[in-house]
Amino acid sequence: MTRYETILTETKNRVGLITLNRPKALNALNLRLMGEVTAAAADFDRDPEIGCLVITGSERAFAAGADIKEMQPNDYMDVYLSDWFAAWDRLGQIRKPTVAAVSGYALGGGCELAMLCDIVLAADTAVFGQPEIKLGVIPGIGGSQRLTRAVGKAKAMEMCLTGRTMDAEEAERAGLVSRVVPAADLLGEALAVAETVAGMSTPIAMMAKESVNRAFETTLAEGVRFERRLFHATFATADQKEGMAAFTEKRAATFVNR
Ligand code: CAA
């Protein structure tokens, strides 16, 4: 197993868990952590023994944003030439389903990291926000785009322009998170959801993810056409044969991920 400095990784029941681990900096996302999270996620994505990923932080902070101290000394050409934060796009390209388990602060890049995941589960302590404007910058890992798609223009504008935060209850009402659970249950619930997904056929789960994500990239007619082609493709898999045979034979399906 690869050794990381800023994250912990483990695997269980076909789930790959990535835990952000910079507790003294409230899991601020520095470049090292960006490299490690994206590398670990890409490893899990390639691993045939993994069907779903979970990304979590600590009880106090999922992540309090990009590392302000690391960003501070840079000028325009530093961040432009190095395309600062572009590597986070690799997380959006992970093809297996990802679950964010968010407790405490999910601010700036932390909120953006959660939104890069497919399912967001929140502890009742979670706090979401895009407070970059208070630092004289704007979101840089997709926040202005994904938050707007998740919660709509009015709330996204207010959050990006004033820096006000949302608690877990409001985030659920607004559609930013799928479910709120007591903080003590968060990781257990997230792992249970991930294990459920990982227990499905992995190629089919990957197609379902790709199809839902297409809704954010294209017109309705194109999206429906894309979905239909993938639906047709599911019939080329052994798992479609197994899933439907298991239903008619009144037994649980045993997927082979082929
Ligand atoms: N970057 C670097 N260090 C951070 C950090 C960040 N984003 N957030 C917290 N820390 C550090 C603090 O500097 C502090 O370190 P020291 O003990 O060495 O001083 C430590 O974590 C604990 O933080 P606080 O003492 O501030 O803890 P608190 O409980 O009083 O406050 C907080 C918690 C409200 C989250 C506060 O830390 C805070 O406002 N953090 C910054 C939030 C923020 O602005 N995030 C957006 C960053 S910009 C961004 O993310 C750009 C983008 O789009 C990618």
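These legends go with four close-up views of a predicted model.

**View 1. Helix H9 and its buried face.** H9 covers residues 186–198, and its 13 residues should span 18 Å at 1.5 Å a residue; the end C-alpha atoms are indeed 18 Å apart, so the two agree. Look for Leu186, Ala190, Val193, Ala194, Val197 and Ala198, the buried residues of this helix. Seen down the axis of H9, they fall within an arc of 135°, so they line one face. Their packing partners include strand S2 (15–20), strand S5 (98–102) and helix H10 (202–214).

**View 2. Phe128 in the largest nonpolar core.** This core has 46 residues, and Trp88 and Phe128 are the ones that touch the most other members. Helix H1 (residues 31–46) gives the most to it, with six residues. Leaving aside residues up to four places away in sequence, Phe128 touches Val102, Leu107, Met159 and Leu176, among others. Another core, of 16 residues, lies apart from this one, and Leu17, Leu186, Ala190 and Val193 are among its members.

**View 3. Aromatic pairs.** Three turn up in a search of the whole structure. In one, the rings of Tyr76 and Tyr80 have their centres 5.2 Å apart and their planes at 15°, so they are stacked. Both sit in helix H3 (residues 76–81), four residues apart, or about one turn. Tyr76 is exposed, at 54% relative accessible area, and Tyr80 is exposed too, at 53%. Trp84 and Phe85 make an edge-to-face pair, because their planes are at 80° with ring centres 6.3 Å apart. Both of these residues, Trp84 and Phe85, are buried.

**View 4. Arg214 and Phe226.** Here Arg214 lies over the face of Phe226, 4.0 Å from the ring centre.

Conventions. Residues are numbered from 1 along each chain as its sequence is written. This is a predicted model: local features need pLDDT of at least 70, side-chain atom pairs count only at pLDDT 80 or more; totals for chains, interfaces and linings use all residues. Side-chain values use heavy atoms; hydrogens and water are left out. Helices (H or I, at least four residues) and strands (E, at least two) are DSSP runs, numbered from the N terminus. The expected span of a helix is 1.5 Å times one less than its number of residues. Buried means under 20% relative accessible area, exposed over 50%, partly exposed in between (1.4 Å probe, protein chains only). The arc is that of the directions from the helix axis to the C-beta atoms. Contact means heavy atoms within 4.5 Å. A nonpolar core is a set of buried Ala, Val, Leu, Ile, Met, Phe, Trp, Tyr and Cys residues joined through side-chain atoms within 4.5 Å. Rings of Phe, Tyr and Trp (its six-membered ring) pair if their centres lie within 6.5 Å; planes under 30 degrees apart count as stacked, over 60 as edge-to-face and the rest as tilted. A charge sits over a ring if NZ of Lys or CZ of Arg is within 6 Å of the ring centre and within 35 degrees of the ring normal.
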